[in-house]
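Me: Please take a close look at the ligand site in this model. Which residues surround the ligand, and which backbone atoms lie by its nitrogen and oxygen atoms?

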Amino acid sequence: MRPIRSYVLRQGRTTPAQKRALEELLPKYGLGFRAEPLSGPEIFGRSAPLVLEIGSGMGETTAAIAQARPDADFIAVEVHGPGVGSLLNRIEKAKLSNLKVLRHDALEVLEKMIPDASLAAIHLFFPDPWPKKRHHKRRLVQAEFAALAARKLAPGGVLHAATDWPDYAEHMEAVFSREPLLARAGSGFAERLETKFEARGKRLGHEIRDLYWRRRIRP
Ligand SMILES: C[S@@+](CC[C@H](N)C(=O)[O-])C[C@H]1O[C@@H](n2cnc3c(N)ncnc32)[C@H](O)[C@@H]1O
């Protein structure tokens, strides 16, 4: 049986620059999926706080945060080809050595590839809201996701989610507050810059919410 995914792969238009990036830059700045844990030091060759972003989209915020935080290492996970290509071009342009892109289902990456208690933060910016009730099962934020995310965060690590859908914000509040390993927090690991989907939400008059939870030091 096919698992229920949190995305539908729409091809969209891949620009020539994105196509070239996927061919030429993915070997340089990409990470291949593997179903075994891979630590930050194995990937980046140093010991530094590790941040995982789920659904980096076109990667504008992702690249800006990595540039602003050279002290930390970042893995951006995204399934959408044009978005991956766009982020690869940003990495090349800014010569970032602390950001890698992984084109794969983020849930599987989190579950199989990320060691437990290893992340300083998880970034989940404007995940698809799946507004229709019959599609709610596709939402990434579910009880199982909350437990998985909490397990992968280091004690004190932060889960930072943003959304422009009030109904999804309420859903996140309910789901994350039921996870015993997580406690509500007031701020995140890094300053978030405006994303493409945030700008779209604002144009539609939506209220933007940033929500933070921290993994408890002791359960
Ligand atoms: C609404 S967009 C937001 C993109 C970006 N964070 C922004 O704010 O502009 C959600 C993104 O998450 C990606 N996505 C959804 N589920 C995913 C999953 N399980 N693994 C990887 N990417 C996923 C989609 O491909 C899409 O690009």
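Reply: In this predicted model, a backbone N or O atom of G55 lies 2.9 Å from a nitrogen atom of the ligand. F125 also places a backbone N or O atom by a ligand nitrogen, at 2.8 Å. For F197 the partner is an oxygen atom of the ligand, with a backbone N or O atom 3.2 Å away. Taken alone, the ligand exposes 600 Å², and the protein buries 93% of that area.

The shell around the ligand consists of 18 residues. S6, E78, A106, F125 and T195 are the closest of them, so F125 appears both in this group and in the backbone contact with a ligand nitrogen given above. By class, seven residues of the shell are nonpolar, seven are polar and four are charged. The space that the ligand takes is the largest pocket.

As for the chain around this site, its secondary structure comes to nine helices and seven strands. The radius of gyration is 16 Å, close to the 17 Å that the globule rule gives for 219 residues, so the chain is as compact as a globular protein of that length. Along the principal axes, the C-alpha atoms fill a box of roughly 45 × 40 × 40 Å.

Definitions and conventions. Residues are numbered from 1 along each chain as its sequence is written. This is a predicted model: local features need pLDDT of at least 70, side-chain atom pairs count only at pLDDT 80 or more; totals for chains, interfaces and linings use all residues. Side-chain values use heavy atoms; hydrogens and water are left out. A residue is near a molecule or strand if one of its heavy atoms lies within 4 Å of it. A polar contact is a pair of N or O atoms within 3.5 Å; within protein, one must be able to donate a hydrogen and the other to accept it, and residues adjacent in sequence count only if both atoms are side-chain atoms. Accessible areas come from the Shrake-Rupley method with a 1.4 Å probe; for residues, only the protein chains shown count as cover. On a 1 Å grid over the protein atoms alone, a cavity is a set of points where a 1.4 Å probe fits but cannot get out, and a pocket is an open set with protein on both sides within 12 Å along at least five of seven lines; lining residues have an atom within 4 Å of a point. A molecule sits in a cavity or pocket if more than half of its atoms lie within 2 Å of its grid points. Ala, Val, Leu, Ile, Met, Phe, Trp, Tyr, Cys and Pro count as nonpolar, Asp, Glu, Lys and Arg as charged, and the others, Gly among them, as polar. Helices (H or I, at least four residues) and strands (E, at least two) are DSSP runs, numbered from the N terminus. The radius of gyration is taken over C-alpha atoms; the globule rule is 2.2 Å times the number of residues to the power 0.38.
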